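Dear colleague,

I am handing over the structure we spoke about, and my notes on it follow directly below. Please read them with the coordinates open beside you.

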Amino acid sequence: MAAGRSDRPAAVRRGRRPAGPTRTGHHRADGGGVTHPATIEVLRAGALTTIQDLGRPGWAHLGVPRSGALDPGALRLANRLVGNPEHAAGLEITLTGCTVRLTRAATVAVTGAEVPVQAGARPGDTGRPLTVPAGTVLRIGPARRGVRSWLAVAGGIDVSPVLGSRATDTLSGLGPPRLRDGDLLPLGDPVGTPAPVDLTVCPTPPEELHLTLGPGPREDWFTPTAFDRLFGSAYTISPVSNRVGARLAGAALPRAVAGELPSEGIVLGAVQVPADGQPLIFLADHPTTGGYPVIGVVTDVTPLAQARPGTTVRFHGPQR
């Protein structure tokens with residue numbers, strides 16, 4: 001899966017410890033001790049691990065997308081399991097897992113993809129709270145099924161919010177940068193009681209996704225053949241998909257209108273069709289405007305959070 005942007009504050013990028021909190025609230029470990037009384041030390045960041053909460057809604061008119069966890073329900077569940085408010089920030093871990101060390105005793109929970117969890121020498125389970133002592137090394141292994149996991153820690157990750165959110169936006173660069181080995185992330189104070197049991201379950205991702213497609217603003221730019229192909233054939237998730245969008249490969253969608261389209265608003269789930277005719281479903285870090293026609297809008301993009309490259313996608317919509 002394609003990774004996001006990796007811009008970092010200059011002092012962090014060069015490996016020096018900043019004098020105080022950076023724009024993102026990250027610190028770096030350099031052997032001189034921890035700079036915050038309660039932190040998560042990132043020992044192995046993995047392919048793409050970002051800080052996510054429920055995003056920053058309400059800023060699209062200024063060109064800022066919502067961003068946030070690709071599966072908000074999975075993050076809410078993880079937060080409930082450790083006693084956090086549902087909007088608390090956690091880690092979104094992509095495919096290859098990550099390893100962290102906690103500097104204080106805490107309750108943690110991992111939800112989302114099917115992954116091995118190890119707290120020191122003790123095995124853990126996804127979807128269940130786990131209380132660990134200070135100094136514990138927590139290993140979230142590679143995903144056996146699915147793509148993304150969410151790690152919540154009691155107190156939440158207390159980096160500085162940007163426009164009211166701690167979410168990493170990989171397209172615009174707002175919020176904290178993607179994690180790197182050696183980052184130290186401050187933890188907030190626990191405010192609730194961890195849940196011993198939760199009835200919400202993260203389902204196993206299916207091998208074939210069935211997505212409901214509502215009408216788009218530029219349906220008239222496409223031929224009847226385009227709709228026959230869109231609703232009558234199977235597409236597959238492309239390896240170049242990421243948090244911005246899920247690119248699909250399959251039958252090209254021919255246009256009835258040639259020429260350029262002025263940039264117009266883009267929403268979560270919009271299915272844009274570039275010049276090659278291959279549809280693209282926009283996800284959490286989507287741009288707020290785009291210049292290719294939108295043929296429809298997926299009503300629920302949550303299943304795409306766990307869709308690996310090669311997963312089959314079929315669209316369903318009104319009869320034509």
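To begin with a single pair of residues, V271 stands opposite I281, the latter belonging to β18. The two strands concerned, β17 (residues 270-272) and β18 (residues 280-282), pair in the antiparallel sense, with 2 bridges between them. Please keep in mind throughout that this is a predicted model.

Both strands belong to a barrel, which 7 strands close in the order β13-β20-β17-β18-β15-β14-β21, with mixed pairing. From one strand to the next, the twist averages 40 degrees. Helix α3 (residues 224-232) lies across β13 (208-215), β14 (235-237), β20 and β21, and its direction makes an angle of about 125 degrees with that of β21.

The loop between β20 (294-298) and β21 (312-316) holds A307, and this residue counts as buried because its relative accessibility is 4%, the cut-off being under 20%. A307 is 61 residues away from A246 in sequence, while the C-alpha atoms of the two are 8.9 Å apart in space.

As to confidence, the mean pLDDT of the protein chain is 87, and 85% of its residues reach 70 or more. Over residues 1-25, however, the pLDDT is below 50, although the model gives this stretch 64 contacts beyond near neighbours in sequence. Residues 27-36 likewise stay under 50 in pLDDT, and for them the model has 28 contacts beyond four places in sequence.

With best regards

Conventions: Residues are numbered from 1 along each chain as its sequence is written. This is a predicted model: local features need pLDDT of at least 70, side-chain atom pairs count only at pLDDT 80 or more; totals for chains, interfaces and linings use all residues. Side-chain values use heavy atoms; hydrogens and water are left out. pLDDT is the predictor's confidence in each residue, from 0 to 100. Contact means heavy atoms within 4.5 Å. Helices (H or I, at least four residues) and strands (E, at least two) are DSSP runs, numbered from the N terminus. Buried means under 20% relative accessible area, exposed over 50%, partly exposed in between (1.4 Å probe, protein chains only). Two strands pair if DSSP finds at least two bridges between them. Axes are lines fitted to C-alpha atoms, for helices over the stretch in contact, and angles run from 0 to 180 degrees between N-to-C directions.
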